[in-house]
Structure formats: C-alpha cells, structure tokens
Amino acid sequence: MELRQLEYFVAVAEERHFTRAAQRMLVSQSGLSASVRALERELGSPLFVRTTRSVELTGAGRALLVEATRTLAGARAAREAVAAVQGLLRGTLAVGIEQCVTIDIGALLARFRARHPNVEVRLRQAGSAVLAQDIADGRLDVAFVTLPGPPPDGVRLLPLTTEPMVLLCDPGHRLAGEPQVTWAELEGETFVDFHGDWGARQLTDRAFAACGASRQVALEVYDVHTLIDLVRCGLGIAVVPRPIARKESAASLCAVPMTGAGDQGWAVSVAVPDADRPSPAAQELLAYLDR
C-alpha cells in the first residue's frame, strides 16, 4: 500500500466522483481508477459502490477513510517535522473557521503567507462541531471554533475570548428596549437560529434546556447575514453572540442582553490535535495570535 494510493482514495471519497478526484489530483482518470482498483485488490474488498450517477463508500471504504486520513496527516507531519529541523517551513496548513468567531482570518492568513510562501494554506468554513471532528480525524491542523461542551476525543481547546449572548429582535417586538431579558421570558416565541453544528446554536439549546423552557426554531440558517435579514423582516427573533448584533447589517435591530440560568457566554477557542504538538506551520500561525 502506497501513500499515493491512499491520496487517490481519499480524493474520490471526498469528491464522490472519479473525474473530479482526478482533476483535483492532477492525474488522468484512468490512472486514478487503476490505482483505486489495485488498492481494492490488495485489501480484498470493494471500497466504492459505483453507478452511472454516483460513487458511494462501502462499509470497508468508510472504515478505510478514517485511517487513511490519519495516515496521510501523519506522513505530512513527518515531512514537516524534518523541514522544521532544517530551518524550513513548508508543506500544507489546513485551517478551519466558523463564521463570525471574532478572528480576522483574512489578515491572519495573509500575514502568514507573506512570511511563509512555501506553505500551501487551505481554509474550510463549517460549523464548530464539524471542524472539531475534522481536527480529531486529521483533516485540519488548526480550527477556530465555539464549542459550549467538551471537544471530541483527540482535540484540545486553547481559549481565546468569551462574548455574552444577546436577544436580537425587531424594534417593534415586545421586549425591544428592555434592559435585559431572561431565557425563560422567550418561551413561546418563534426563533431564527443556526444549524445544529454551529457553536452558538448548541449554546442556545443548552441554555433553554437549563432553565426548562421550550422553544420553536422555525427558520434554520447556515449564515449570519440570512439570520439578520429574517429577523429584520419580523419572521422571528434570535439569540446570538454580541459580535453578530454589532454588525452593520443589524444596526436597525434591537439587541437586549441575556441573563439568567444557562448563560455561560460564547467562548471562542483554537482547536488543535491533543495527542501531538501542532505542526510547525500551525505553531507559527498560533504564535501570531500571541503577538
């Protein structure tokens, strides 16, 4: 089994398409397909269910994907460790971030790339739960996340900052202009909220459960701007971290501080692998935060 075979396999597994995987790996489709077939013969099991319209992982393929991802991450770390000893910083830096985590990711990555042009920077935006699992599985080197509970096994959190939660509502809402509001006072309201993978959504769900209040999330979104637009149109209220309420697009809305049971604050952290030290490139990026 060769690393290149595992790279081709992971590309097909992630793309769910042989042609796109071949384009991503800059090889011919026939060569990539032959490599995957050779891997299947060596393992004695089909890794994909192929149809004219889709490519899906078999049970064996799903099992291999976890280990293949970790193996490739380990190989990359080994190459980068040798380069670090030689005084070189090269390889790949895979970064994850949830939207609106108070980190100026553009400026941070631009500064890093200007000083280390030989490092290929990759960025993935997703919910914090997904990003934390990507760290555990070796798909990411570092991720900026907001996790209200403990991280997955194999992930360590480095705290950065904590922000309070606020009620975001239309100026005509019954609670607009109040000095503060408790979680229980929002029972029976219609809510706009993020997908369950987002840290802010998980924190809000925990807070309502802690005070014994129920709520209806009628509109579930994947981005901050859509949430603000829906609240502005009076389709529901939202409980969000304070930085979201301070966005220019939310200037016409009312932000009321939350208080009471379950109010833990929106904690932003850096997620890194727990078992080993971060890669040299990740350590350099983290050093910029300290500065």
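In this predicted model, Asp141 is located in the loop that connects α6 (128-136) with β5 (142-145). Despite its place in a loop, Asp141 is classed as buried because its relative accessible area is 8%, a value that falls under the 20% limit applied to buried residues. The side chain of Asp141 offers a polar atom that lies 2.8 Å from the backbone nitrogen of Ala94. When residues up to four places away in sequence are left aside, the contacts of Asp141 include Ala94 itself together with Thr92 and Leu93, and they extend to Arg76 and Ile135. Asp141 also touches Ala271, Val272 and Pro273, as well as Ser279 and Ala282.

A second element considered here is strand β7, which spans residues 165-169 and is mostly covered, with five of its five residues buried. The side chains of this strand are divided between two directions, such that Met165, Leu167 and Cys169 point one way, whereas Val166 and Leu168 point the other way, and all of these residues are buried.

Strand β7 is paired with two further strands, β11 and β12. With β11 (residues 238-241), β7 runs antiparallel and is joined by four bridges, and within this pairing Leu167 is placed opposite Val239. With β12 (residues 254-259), the pairing of β7 is likewise antiparallel and extends over four bridges, and here Cys169 of β7 stands opposite Cys254. Leu167 and Cys169, the β7 residues named in these two pairings, point one way from the strand, along with Met165.

Definitions and conventions: Residues are numbered from 1 along each chain as its sequence is written. This is a predicted model: local features need pLDDT of at least 70, side-chain atom pairs count only at pLDDT 80 or more; totals for chains, interfaces and linings use all residues. Side-chain values use heavy atoms; hydrogens and water are left out. Buried means under 20% relative accessible area, exposed over 50%, partly exposed in between (1.4 Å probe, protein chains only). A polar contact is a pair of N or O atoms within 3.5 Å; within protein, one must be able to donate a hydrogen and the other to accept it, and residues adjacent in sequence count only if both atoms are side-chain atoms. Contact means heavy atoms within 4.5 Å. Two strands pair if DSSP finds at least two bridges between them.
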